[in-house]
Amino acid sequence: SDEHLLLSAGAICASLLLCDRSGVYAGPTSGAPDGFLNLSLVQNLLLADAASEVLKTRLFQADGEASVIVGHRVIAEYLGARWLAACFKQGVSERRIRALITLSGGVPTSLRGLNAWLGHFSNALAPACIAADPYAVLRYGNAETLPLEQARILLHELSKLSSKDPYFRAEDWNRHPAEGLMRIELKDDILALLSNEQTHTHLVFLLLEAVAGSPLAGPLGRDLEVVLFDPDRLFGARSRAAEALIESGALNTAEPAIKRLLAFGDSDSQRLAFEMVTKLGLAAMPVYLAV
């Protein structure tokens, strides 16, 4: 069955990731190239007895005689986590699984995606996966589909991470889907974080990015305006608040907002006013104001 093959593929993928191997060798045991895992070792794992059959599918690519590799690392992380979650359901202990993918309480860089997807496939394992590496769960683990309770845990763990390191996004400014955090039930928690910019600098930026176009854009409209029209707030927060207001259509007319920003007289407010002109377009305001 498809399920049988996918689980066996997951056993192969998890083995490659956990053992830091490039691919699988299906030839004689003594002939495995450097960096390759022998297929016979994988076949002895739980739920992996179709390993030789699944190597013939397009999930894998030939890489020399009797050697195959996974098509893409993201596929390996997804399928590997799926298999680990199935092993947990079969009775493998959580302690044993966590020991495979953590080191000194943290998750090695090479296993962050595997850990994030594991939480996606197992509600029971999710809290530990989130606590071990909350930002990776947001980046790799399909966070927009999180159940409410897991979203609450993720927001809490992100705030803990941010308290330790307010600049935890310093090496990754890509936008990641955080819609799963934009729940009306989490509104008060999000507002508390937005008001504490100095402690949670990058988390505030991340949340403001996620508000744009989300169900919380309307309920948080007044709070976004408070951020936008506060000259003492960081420019990054004010700019993201403006973007969220524009994208959600919360600014009925641009003229009062731009006038108010210009009235502050500081360079950040003037820059924000200019950004709003370029994003909204000249048709959204009188020509004199654009000039």
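This text walks through a predicted model, from two nonpolar cores to several helices and a few single residues.

Nonpolar side chains are a useful place to start. In soluble globular proteins, such side chains tend to be buried together. The largest nonpolar core here has 52 residues, and Leu 154, Leu 181, Ile 190 and Leu 207 have the most contacts inside it. Two or more residues come from each of α8 (134-140), α9 (148-164), α10 (187-194), α11 (201-211), α12 (221-228), α13 (235-248), α14 (254-264) and α15 (267-280). The element that gives the most is α11, with 8 residues. Leu 154 can be followed further: leaving out residues up to four places away in sequence, Leu 154 touches Ile 130, Pro 134, Val 137, Leu 138, Ala 143, Leu 146 and Leu 181. There is also a second, separate core of 35 residues, which includes Ala 14, Leu 16, Val 54 and Cys 87.

Cys 87 leads to helix α4, where this residue is among the buried ones. The helix covers residues 73-89, and its 17 residues should span 24 Å at 1.5 Å a residue; the C-alpha atoms at its ends are 24 Å apart, which agrees. Other buried residues of α4 include Ala 76, Leu 79, Trp 83 and Leu 84. Among the elements that cover the buried residues of α4 are α1 (2-18), β4 (67-70), α5 (94-101) and α6 (112-121). After α4 comes Gly 91, with a positive phi near 115°.

The packing of α4 on α6 can be described in more detail. Two packed helices are described by the angle between their axes and the distance between the axes. For α4 and α6 the angle is about 50° and the axes are 8 Å apart. That angle makes α4 oblique to α6, and the crossing of the two helices is right-handed. From α4, the residues Glu 77, Tyr 78, Gly 80, Ala 81, Arg 82, Leu 84 and Ala 85 meet Gly 113, Leu 114, Trp 117, Leu 118 and Phe 121 of α6.

Helix α13 belongs with the largest core, as one of the elements that give two or more residues to it. It has 14 residues and reaches 20 Å from first C-alpha to last, close to the 20 Å expected at 1.5 Å a residue. Of these 14 residues, 10 are buried, so α13 is largely enclosed by the rest of the structure. The buried residues include Phe 235, Ala 241 and Leu 245, but also Arg 238 and Arg 240. The cover over the buried residues of α13 includes α11, α12, α14 and α15. Gly 249 follows α13 and has a positive phi near 75°.

A buried residue can also sit in a loop. Leu 220 lies in the loop between α11 and α12, and its relative accessibility is 0%, so Leu 220 counts as buried. Outside its neighbours within four places in sequence, Leu 220 is in contact with Lys 187, Ile 190, Leu 191 and Val 211. Leu 220 and Leu 191 are 29 residues apart in sequence, and their C-alpha atoms are 8.4 Å apart in space.

Two further loop residues are picked out by their backbone. Most residues other than glycine have a negative phi. Leu 47, in the loop between α2 (39-43) and α3 (51-54), has a positive phi near 60°. Leu 47 is partly exposed, with a relative accessible area of 23%. Ala 66, in the loop between β3 (60-62) and β4, has a positive phi of about 65°. Ala 66 is partly exposed, with a relative accessible area of 34%.

Note on methods. Residues numbered from 1 in each chain as written. Predicted model: local features only at pLDDT ≥ 70, side-chain atom pairs only at ≥ 80, totals over all residues. Heavy atoms only, no water. Helix = DSSP H or I, 4+ residues; strand = E, 2+ residues; numbered from the N terminus. Expected span 1.5 Å × (residues − 1). Buried < 20%, exposed > 50% of the residue type's maximum accessible area, 1.4 Å probe, protein only. Contact = heavy atoms within 4.5 Å. Core = buried A, V, L, I, M, F, W, Y, C linked by side-chain atoms within 4.5 Å. Axes fitted to C-alpha atoms, helices over the stretch in contact; angles between N-to-C directions. Parallel < 35°, antiparallel > 145°, perpendicular 65-115°, else oblique. Left-handed = near helix turned anticlockwise from the far one by under 90°.
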